[in-house]
Amino acid sequence: MKLFEYQGKEIFKESGVEVPRGNVARSSDEVFEIAKKIGESVLKIQVLAGKRGKAGGIQFASSPEEAKNIAKDLFSNNYLGFSVEYLLVEEKLSIEKEYYTAITYDYKMKSPVILVSAQGGIDIEEVPEEFIIKKYLEPDTRLEPYQGREIAIQTGIKGKQINTFSSMLVKLVDIFIDKDAELVEVNPLVLSKERFIAADSKIIIDDDALFRQKTLPINDEKNEIERKCHEIGLSYVQLDGDIAIMANGAGITMATLDLIKEYGGSPNNFLDAGGGANEEQTKKALELLLSTNPKGIFINIFGGITRTDDVARAFLKVREELEIKIPVVIRLIGTNQEKALELLRNAGIEAYSDMELAAKTIVQKVRGA
Amino acid sequence: MAILLNKESRVIIQGITGHQGSFHCKQMLDYGTNIIGGVSPGKGGTKIHDVSVYDSVSMVRQHQGGIDVSIIFVPASYARDAALEAIYNQVSMIVLITEHIPLKDAVIIMNAAQKKGTAVLGPNTYGIVSSGLSKVGIMPGQYFQPGPVGVVSRSGTLSYEIVGNLYKNGLGTSTVVGLGGDRITGLTFPEILGSFQKDNDTRAIVLIGEIGGTAEEDAAEYIKGHITKPVVAYLAGKSAPPGKRMGHAGAIIEKGMGTFEAKVKALKNAGVFVASVPSQVPLIIRNELGGL
């Protein structure tokens, strides 16, 4: 789960990591009031996406009046596919130098890693690897101040600032661990009048740890149907095609999308019914799929834990309740398949056992329709 | 001989009294797995499908002796605890079926396992089966018949699909290994490939991968220098748009790494046959094994 910049900065502030003076605003009037207090200001749209500056979502204002006018403009536009509900209004910093700092997981090394570079700012992706310092953390330990000082010295930081930098890095690592983050990134970390100030914040919380992170705000990036699927325990991603897909297991669902594309079709979605979806879940999932108005439906179930007769019954129920006018192709194999095939046959539906033939058939039917 | 798991392997089930644990206890017993006990704290002294339940892993050791493999079914919030309990009780391999384990916990588990020399499959794995000998996992047993093909993968149902395809074409499997779908997992492709290379029962290898991460690229690098047996790969996620997370934690493309194209290229460079649809896998294997 991504946090908004202002939410990340709240956490920074609580932990003693310095951030620019300012506040978050919901209206241009609020922007005006905040800007009055801080003078020259920077206005930053709060959306859960990067590259906001390049998209025009970060603007400077020299007076409260100007800030208000810019805010009106920012609030009324869409940026990077998001409407703007919040603006962060902050003091404009005098910048001596910009650094990059991040803590994240290196999956291959199976370890948290600290990344620091003296070449911070936009386009960190372009900075050559030799200018990025990498320090692996021992699991379940925090950063000791001496390690922070070593990183500071390696970065080229000098004098008193070595200690200032180290204590800030220790706090960022604490946040990473305590909040179950998978990313804590500060870019740029600004050196301004001998102080290190986090001019930006990007925090991503590990979704699988949200159960023990009760104090965090809940940001939902899912659209309505994704949310509904999530509620019944299924995984859904909207795509831009017209053949609705339901399969079980992430790997086979992806393979199903690949096959549909291979045969010239276009998948409408990724719906992973998981292992062991029961009749009720399957029924709800099918109803949700129908609500997206696809031109065809392809159900591909390899029954391991999932009982294929549950899937067959769920489909027949949905068909009884709703009028399905579009072509449907069902492929079932595995646990209880004889029973499932019989149920469907009695209802006049011939299910497939070969996945590729079934995928070809749904594409042909949708294209012919 | 198969790899990692054989007929004699002494297996326990952590979380044996739960819905999943007890169901798969029966399935595994039916397959012939040598289950020597189960663990469910507070429920020691009871029995599940005639398997004795103990309060701790250490109690199983005291009463039954050493443990080769533990399969773990406990919920995500308790999985770290269960895994560490197994690791510090000298279990040689743990099979972590549980999904949605926090990254922080996965790191702690992997580190402890490395220190104690414990092999880890998962988290979020379907398990491992040495065909005809022993099954420690949640896969449907009927498709796993003995034969010359070693299979290693990240994803469950897709593996069943491909193993099912092999079976339909008269090709059985030696051992089928699920590494797990999560971003941080224990054993990796190179380790399993290396074991298959040494295993006399395995004459060809199937690698089932998916987009995201660099596991397949690492596998390709390893194959170049170490594997002389034919390897056939199938990769899922060709049509996935970048940046979209497709269910599995593993299946996400970030920063140009782990794309479908990059993986196919790396594998082909290493001399791996890459199948474009699942049904091609058995055909290529048949071709490679010649007069089977």
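This text considers how two chains of a predicted model touch each other, and then how two domains within one of them meet.

The first topic is the boundary between chain A and chain B. There, 42 residues of chain A are in contact with 42 residues of chain B. On the side of chain A that touches chain B, both strands and helices take part: the strands β8 (111–117), β13 (235–238) and β15 (269–272), together with the helices α7 (250–262) and α11 (355–368), each supply at least two residues. Of the elements of chain A, α7(A) gives the most to this side, namely 11 residues. Sorted by class, the side of chain A that touches chain B holds 19 nonpolar, 13 charged and 10 polar residues.

The second topic lies inside chain B. This chain is divided into domain 1, which spans residues 11–121, and domain 2, which spans residues 139–289. A distance of 26 Å separates the C-alpha centres of domain 1 of chain B and domain 2 of chain B. Where the two domains of chain B meet, 12 residues of domain 1 are in contact with 10 residues of domain 2.

On the side of domain 1 of chain B that touches domain 2 of chain B, at least two residues each come from the helices α1 (19–31) and α4 (103–116) and from the strand β7 (119–121) of chain B. The largest share of this side belongs to α4(B), which provides five residues. The class division of the side of domain 1 of chain B that touches domain 2 of chain B is 10 nonpolar residues, one polar residue and one charged residue.

Definitions and conventions: Residues numbered from 1 in each chain as written. Chains lettered and ligands numbered in written order. Predicted model: local features only at pLDDT ≥ 70, side-chain atom pairs only at ≥ 80, totals over all residues. Contact = placed C-beta atoms within 7 Å. Helix = DSSP H or I, 4+ residues; strand = E, 2+ residues; numbered from the N terminus. Nonpolar A, V, L, I, M, F, W, Y, C, P; charged D, E, K, R; others polar. Domains from an automatic or database assignment.
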